[in-house]
Amino acid sequence: MKFLTGNEHKFREVRGLAEQFGFHLEWANLSLPEIRGSLREVALAKARDAFERVGPVICEDSGFFVEDLNGFPGEYSKWVFQKLGCEGIVRLAKGSRACFRTVAVYYDGRPLVASGEIWGEVVEPRGSGGFGYDPIFLPDGHSRTFAEDPLYKLENSHRFRAFRTLFKLLKKQESPV
Ligand code: IMP
């Protein structure tokens, strides 16, 4: 099964989970142009586009939603990260509640869609693992940021939760009761 993403971190985060469900993930290392829209709209559009190129495929879209900023950067997370980085978000919203969200899609001509989220707090950057906003995200009930504890991220993140649900749906589809 192909996972289309230009982000190797995302591929590595999902590969092990896929194996647990008996799916072997191949990395289709392609960054497709993204439409503007909700995570769901972007992920679905990307999956349809990817299907035309590589056949049955998995895609995802993710974002970082900061409560004190009314959900910003949310759908604009990629662009804002390039412009402001973690430091910019900390300057604007240190101490705020925040969550990561992922919408994961499997597409083989028809879509299967699943989402996942995790809540926590915006903190000063800590740690060197992961990518993006990981250093400034302290998950609820945990004392280390995602960047300080990538293993924790692997088994608790928005991405883990979305793909766990997606793989369960796929398994059910493979063996309907
Ligand atoms: P994308 O469009 O799904 O690649 O994600 C948009 C941006 O959100 C990325 O460029 C990252 O800056 C950020 N992002 C997405 N997922 C994560 C994550 O798991 N940890 C930290 N930042 C993330």
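**Strand pairing, nonpolar core and ligand site**

Residues up to four places away in sequence being excluded, I118 contacts A98, C99, F100, F137, P139, F146, N156, S157, H158 and R161. The structure in which these contacts occur is a predicted model. I118 belongs to strand β6 and is classed as buried because its relative accessibility, 4%, falls under the 20% cut-off. F64 is separated from I118 by 54 residues in sequence, while the C-alpha atoms of the two residues are 9.9 Å apart in space.

Strand β6, which spans residues 111–122, is joined in the antiparallel sense to β5 by 11 bridges. Within this pairing, Y106 is placed opposite L112 of β6. The two strands, β5 and β6, constitute a hairpin with 3 residues between them. In the turn of this hairpin, G109 adopts a positive phi of about 110°. Strand β5 comprises residues 97–107, and 9 of these 11 residues are buried, so that the strand is mostly covered. Strand β5 also pairs with β3, residues 57–66, through 10 bridges, and this pairing is likewise antiparallel. One of the positions in β3, V57, has Y107 of β5 as its bridge partner.

Helix α2, residues 39–54, contains L44. The relative accessibility of L44 is 12%, and this residue therefore counts as buried. With neighbours up to four places away in sequence left out, L44 touches V105, P111 and V113. The C-alpha atoms of L44 and A104 are 8.6 Å apart, although 60 residues separate the pair in sequence.

The largest nonpolar core consists of 19 residues, among which F3, L25, I58, F163, L166 and F167 touch the most other members. Two or more residues are contributed to this core by each of α1 (8–20), β5, β6 and α5 (158–174). The greatest contribution is that of α5, which supplies 6 residues. I58 is in contact with M1, K2, F3, L4, L25, V105, Y106, F163, L166 and F167, again without residues up to four places away in sequence.

The ligand is surrounded by 16 residues, of which K10, S62, D134, K153 and R159 come nearest. Backbone and side-chain atoms of the protein both take part in polar contacts with the ligand. At S62, a backbone N or O atom lies 2.9 Å from an oxygen atom of the ligand. At Y133, a polar backbone atom is 3.0 Å from a ligand nitrogen atom. At R159, an N or O atom of the side chain is 2.9 Å from an oxygen atom of the ligand. The ligand taken alone exposes 480 Å², of which 93% is buried by the protein.

Among the residues that come nearest to the ligand, K153 is located in helix α4, residues 150–156. K153 counts as buried because its relative accessibility is 3%. A polar contact of 2.9 Å links the side chain of K153 to that of D134, and D134 is itself one of the residues that come nearest to the ligand. When neighbours within four places in sequence are set aside, the contacts of K153 are E13, F131, D134, F146, H158 and R159. F146 and H158 thus appear in the contact list of K153 and also in that of I118.

Definitions and conventions. Residues are numbered from 1 along each chain as its sequence is written. This is a predicted model: local features need pLDDT of at least 70, side-chain atom pairs count only at pLDDT 80 or more; totals for chains, interfaces and linings use all residues. Side-chain values use heavy atoms; hydrogens and water are left out. Buried means under 20% relative accessible area, exposed over 50%, partly exposed in between (1.4 Å probe, protein chains only). Helices (H or I, at least four residues) and strands (E, at least two) are DSSP runs, numbered from the N terminus. Two strands pair if DSSP finds at least two bridges between them. A nonpolar core is a set of buried Ala, Val, Leu, Ile, Met, Phe, Trp, Tyr and Cys residues joined through side-chain atoms within 4.5 Å. Contact means heavy atoms within 4.5 Å. A residue is near a molecule or strand if one of its heavy atoms lies within 4 Å of it. A polar contact is a pair of N or O atoms within 3.5 Å; within protein, one must be able to donate a hydrogen and the other to accept it, and residues adjacent in sequence count only if both atoms are side-chain atoms. Accessible areas come from the Shrake-Rupley method with a 1.4 Å probe; for residues, only the protein chains shown count as cover.
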